[in-house]
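User: I would like to learn how to read a ligand site and a sheet from coordinates. Please take the features one at a time.

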Amino acid sequence: MVDLTSYNTLRVPAKAHDFKILRSLKDLKELRVDEPYMFLCLGANVLFVHDFPGTIIQVNLKGKKVISENNEEVIIEVAAGENWHELVMWTVENNWSGMENMALIPGTAGAAVVGNIAAYGQNQGDLVQSVEVYDLQQNSFEIFTHDQCKFVYRNSALKKYLITKVIYKVSKTAQFSTDYHSRYESLEKELQAYPTEKMLYPDKVEADLVKIPAGRLLDELGWRGKTIGQVSTFEKHALAIINLGGATGQEIFDYAEAMRADIRKNFDIELEYEVRII
Ligand SMILES: Cc1cc2nc3c(=O)[nH]c(=O)nc-3n(C[C@H](O)[C@H](O)[C@H](O)COP(=O)(O)OP(=O)(O)OC[C@H]3O[C@@H](n4cnc5c(N)ncnc54)[C@H](O)[C@@H]3O)c2cc1C
């Protein structure tokens, strides 16, 4: 059994039967795994309540490059294991727009595209041109066009595949949103005070097609900073559940379930998990 504590950002102790790290496409061709298996990158969107009874495949493919450009746009190719925030910063430094509002989201490009991550009006779906995946059942590569990815809220048609690379289009002419720099600085300060490690991040809920910030509802019910055992929330955001040290996945799950029950009772709203619970 392999210890997964350092492979999930909540740092909960869990074990997997086996653990393989994929560093190159050559590793991929040699990869033979039996079911069950799961892909894992930074582990920022996974909560291990139980041990995983199969093989974890950590996708650590690296590399990013410009593959074409004109006066208006740039097409970039990004390997799935590239750090998402570093990728966004690379585009910002080059004055290419399209990803900047998604700065500081913890994770990797591969997970970002599978889960169609988004922030402040920007999302993966708007940038992705195509995605290269590997089908472990067929032992073959496939290319998904933008439309075949079927991006919807925090989801896509890519879930059962191993993402190897993503082709994005960013703009040379679009302006960064006006509040980008101030928001980025204040977010960065908050995250320095408490790193994204050890946080669980559920998101907004949709009720009657109106987006309701779940954080505000939790605030009203006094959840911000509420501590049960070794589980609490980030002092600035009730939606970010934190492990104060030594909490188990079950304790974190129970805390999140207590939040959901409170919201259900008081607002008749069902909060859904975005995090993958194992
Ligand atoms: C503090 C905090 C803030 C966050 N803010 C936001 C936000 O603003 N917006 C937002 O949308 N999300 C947000 N998230 C969620 C999280 O950052 C994203 O879901 C991110 O994409 C997770 O990346 P990861 O590499 O850690 O993925 P992991 O947690 O390792 O994996 C997540 C899922 O993707 C799958 N996966 C990962 N890599 C691959 C691959 N190469 N091929 C196939 N499947 C793969 C895994 O099997 C798993 O199902 C936040 C999370 C935290 C902790």
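User: Which element supplies the largest share of the shell around the ligand?

Analyst: A shell can be read by asking where its residues come from. This is a predicted model, and in it α3 gives the largest share, 3 residues. At least two shell residues each come from β3 (37–40), α3 (109–114) and β12 (162–171).

User: How many residues surround the ligand, and which are the closest?

Analyst: Membership of the shell is a matter of distance: a residue counts if one of its heavy atoms lies within 4 Å of the ligand. Here 26 residues surround the ligand, and F39, C41, A44, P106 and T108 are the closest.

User: How do the residues of the shell divide into nonpolar, polar and charged?

Analyst: The shell holds 20 nonpolar residues, 4 polar ones and 2 charged ones.

User: Where does the backbone come within polar reach of the ligand, for instance at G43, N45 and I163?

Analyst: The general idea is to look for pairs of N or O atoms within 3.5 Å. At G43, a backbone N or O atom is 2.9 Å from a ligand oxygen. A polar backbone atom of N45 lies 2.8 Å from an oxygen atom of the ligand. I163 places a backbone N or O atom 2.8 Å from a nitrogen atom of the ligand. As for cover, the ligand taken alone exposes 990 Å², of which the protein buries 93%.

User: Turning to the sheet, what is the order of its strands?

Analyst: A sheet is read strand by strand, from one neighbour to the next. This open sheet has 5 strands in the order β6-β7-β12-β10-β11, and the pairing is antiparallel.

User: Why is one side of β6 and of β11 left without a neighbour in the sheet?

Analyst: Because β6 (64–69) and β11 (140–145) stand at the edges, and each has a single partner strand. On average, neighbouring strands in this sheet are turned by 20 degrees against each other, direction ignored.

User: How many bridges join β10 to β11?

Analyst: Strand β10 (residues 128–135) runs antiparallel to β11, and 6 bridges join them. To take one pair, V133 has E142 in β11 as its bridge partner.

User: A last case: is T233 buried or exposed?

Analyst: Burial is judged by relative accessible area, with buried meaning under 20%. T233 has 3%, so this residue is buried. T233 belongs to strand β16 (residues 231–234). A polar atom of the T233 side chain lies 2.7 Å from the backbone nitrogen of G225.

Note on methods: Residues are numbered from 1 along each chain as its sequence is written. This is a predicted model: local features need pLDDT of at least 70, side-chain atom pairs count only at pLDDT 80 or more; totals for chains, interfaces and linings use all residues. Side-chain values use heavy atoms; hydrogens and water are left out. A polar contact is a pair of N or O atoms within 3.5 Å; within protein, one must be able to donate a hydrogen and the other to accept it, and residues adjacent in sequence count only if both atoms are side-chain atoms. Accessible areas come from the Shrake-Rupley method with a 1.4 Å probe; for residues, only the protein chains shown count as cover. Helices (H or I, at least four residues) and strands (E, at least two) are DSSP runs, numbered from the N terminus. Ala, Val, Leu, Ile, Met, Phe, Trp, Tyr, Cys and Pro count as nonpolar, Asp, Glu, Lys and Arg as charged, and the others, Gly among them, as polar. Two strands pair if DSSP finds at least two bridges between them. Axes are lines fitted to C-alpha atoms, for helices over the stretch in contact, and angles run from 0 to 180 degrees between N-to-C directions. Buried means under 20% relative accessible area, exposed over 50%, partly exposed in between (1.4 Å probe, protein chains only).
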